[in-house]
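Student: I should like to learn how to read the contact between two chains and the cores of a protein model. Could we work through an example together?

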There are 2 protein chains.
Amino acid sequence: VQKIVECVPNFSEGKRPEVVREIREAIELVRGIQMLDVESDAAHNRSVFTFVWEPEAALEGAFQGITRAARLIDMNAHKGSHPRIGATDVVPLVPVRGVSMPDCVALARRLGERVSRELAIPVYLYEEAATRPDRVNLENIRRGEYEELKTAITTDAERKPDFGPLVLGSAGATIIGARAPLIAFNVYLNTNDVEIARAIATAIRHSSGGLAHVKALGILAEGRAQVSINLTNYGRTPMARVMEMIRREAARYGAVVTRSELVGLLPAEALTDVAAYYLQLDRFSPSQVLENRLAELEKAP
Amino acid sequence: VQKIVECVPNFSEGKRPEVVREIREAIELVRGIQMLDVESDAAHNRSVFTFVWEPEAALEGAFQGITRAARLIDMNAHKGSHPRIGATDVVPLVPVRGVSMPDCVALARRLGERVSRELAIPVYLYEEAATRPDRVNLENIRRGEYEELKTAITTDAERKPDFGPLVLGSAGATIIGARAPLIAFNVYLNTNDVEIARAIATAIRHSSGGLAHVKALGILAEGRAQVSINLTNYGRTPMARVMEMIRREAARYGAVVTRSELVGLLPAEALTDVAAYYLQLDRFSPSQVLENRLAELEKAP
């Protein structure tokens, strides 16, 4: 397979496994689609799917998932702690191999247009596919959630979707876009004082003055203070720098990191960047990795 | 390609490019062989080749290289700063993909038997292919070099080769074996005092009380004190631990590491191990790397 796109749709259902299973099956009927991960959260009442395949298959898989979710999920009856505006809340497309970011933006637009035309669902484009600066950030589009958007989409010109009707049905609206791979990881501290984790999260995250491309929150997990991080661009804000900032801020409170964990998958490059950082390999090149050389050889005819 | 072996033959010629080229061409005539690297050192009067391919092709490539080197290199006329006993001095076989260490040991024995039979060159098996504990280490086999071995091979029962005649011709003897991938890297200090690099090398290397699987020496390179490391088993002695020991010893002398560099190739796993170490990813699994999952999917029919 020469071209691979990753698709990470978020569906507003995390309590009824039979609904999640039906959506999954609809996606997996598309030839080639490889489902890598399905995570359901009951408190959030939300499920995050991760699947990969060729661009056209990924588009078709996303469309089938959106179609099934629209049939099975009624947003008027949905309750959950995670902000959302639709049965399929958000669909990021991520370039993985042989595909550029502009390719994924074009794919996001085609998917959005089709969803609006065939399903009459309003679609907002976000991140790299955004058509306006205030729609780059997901949180802006989701402001007020499904309940407020129901009125606002009709009355507020600012909230006009990129595609589709100016009215919300029971499937709500869907946010579709293209973005770089996101890395989710959790860092545990040697304390049960959640306030320290919250203070560190506040210090490192972009929204409160910290590092670009970092979202973070402090929670109590397994009886330990945990900083939970979403890194939206590891190329510009490397994992190592985030980790060092956490360590430095933890020291400020007399705490240290005991261990960390990845949530879901991450690109190999993010880890080799970490290795090059700590080993001080200033001139590191991916062609110094044996497996990369083998992959190149096998690509050449 | 399902099965890949890496072969890193060392030839006793680093001054005459036409000889190096002829040996290279003899190896590359073998169908499939992929030459990844050729490094010649005039002071050492030695060239190190790195090539990969399927086990049978790797064996054939090594045999063709040994044959050509025996024809072109006269050990009676060879001078160089690196210890050596043969025109083809040493041939390590390294498992890369779909091949086990025992597979490479078996391959080394077959290659050794063939070299002795068809070329009348004495062969010593080393590292994982060694038939005696005192032959695990290359340096023991090379004791006294070509000049001393010429007499000793006939007179000293201890130096009887694993295969071949008890006499050295102009091609000398060849050491063949199987080993884990070796990682070579250099670490630069913020000083031109080579004694500090030598003291660090002495502290970290196995032979003088340091870490297992570490060979090291201190030299002056580009006007900077440099610790040059060969790591022969990164699985048991991880790069991160070696690096931290260098940093700690450097601090002992008031020095710090300014940068480091890889020499040649290294396996991806060595770098992801470094990342997991510094990020404290206690439960890291290679299946969390997106590219590994894709490779698995593509392997499955």
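The dialogue below takes up the interface, the nonpolar cores and one residue.

Tutor: This is a predicted model, in which local features need pLDDT of at least 70 and side-chain atom pairs count only at pLDDT 80 or more, while totals for chains, interfaces and linings use all residues. Residues are numbered from 1 along each chain as its sequence is written, chains are lettered from A in the order in which they are written, and side-chain values use heavy atoms, without hydrogens and water.

Student: How many residues does each chain bring to the contact?

Tutor: Contact means heavy atoms within 4.5 Å. Here 42 residues come from chain B and 42 residues from chain A.

Student: Which part of chain B gives the most to the side that touches chain A?

Tutor: Helices are DSSP runs (H or I, at least four residues) and strands likewise (E, at least two), numbered from the N terminus. H8(B) gives the most, with seven residues.

Student: Which residues of the largest nonpolar core touch the most other members?

Tutor: Such a core joins buried (under 20% relative accessible area, 1.4 Å probe, protein chains only) Ala, Val, Leu, Ile, Met, Phe, Trp, Tyr and Cys residues through side-chain atoms within 4.5 Å. Among its 74 residues, they are Ile229(A), Met239(A), Ile229(B) and Met239(B). The residues that Met239(A) touches include Phe185(A) and Leu279(B).

Student: Is Thr50(B) buried or exposed?

Tutor: Thr50(B) is buried, with a relative accessible area of 10%. Thr50(B) lies in strand E4 (residues 46–53) of chain B and touches, among others, Val8(B) and Leu36(B).

Conventions. Buried means under 20% relative accessible area, exposed over 50%, partly exposed in between (1.4 Å probe, protein chains only). Lists of a residue's contacts leave out its neighbours within four places in sequence.
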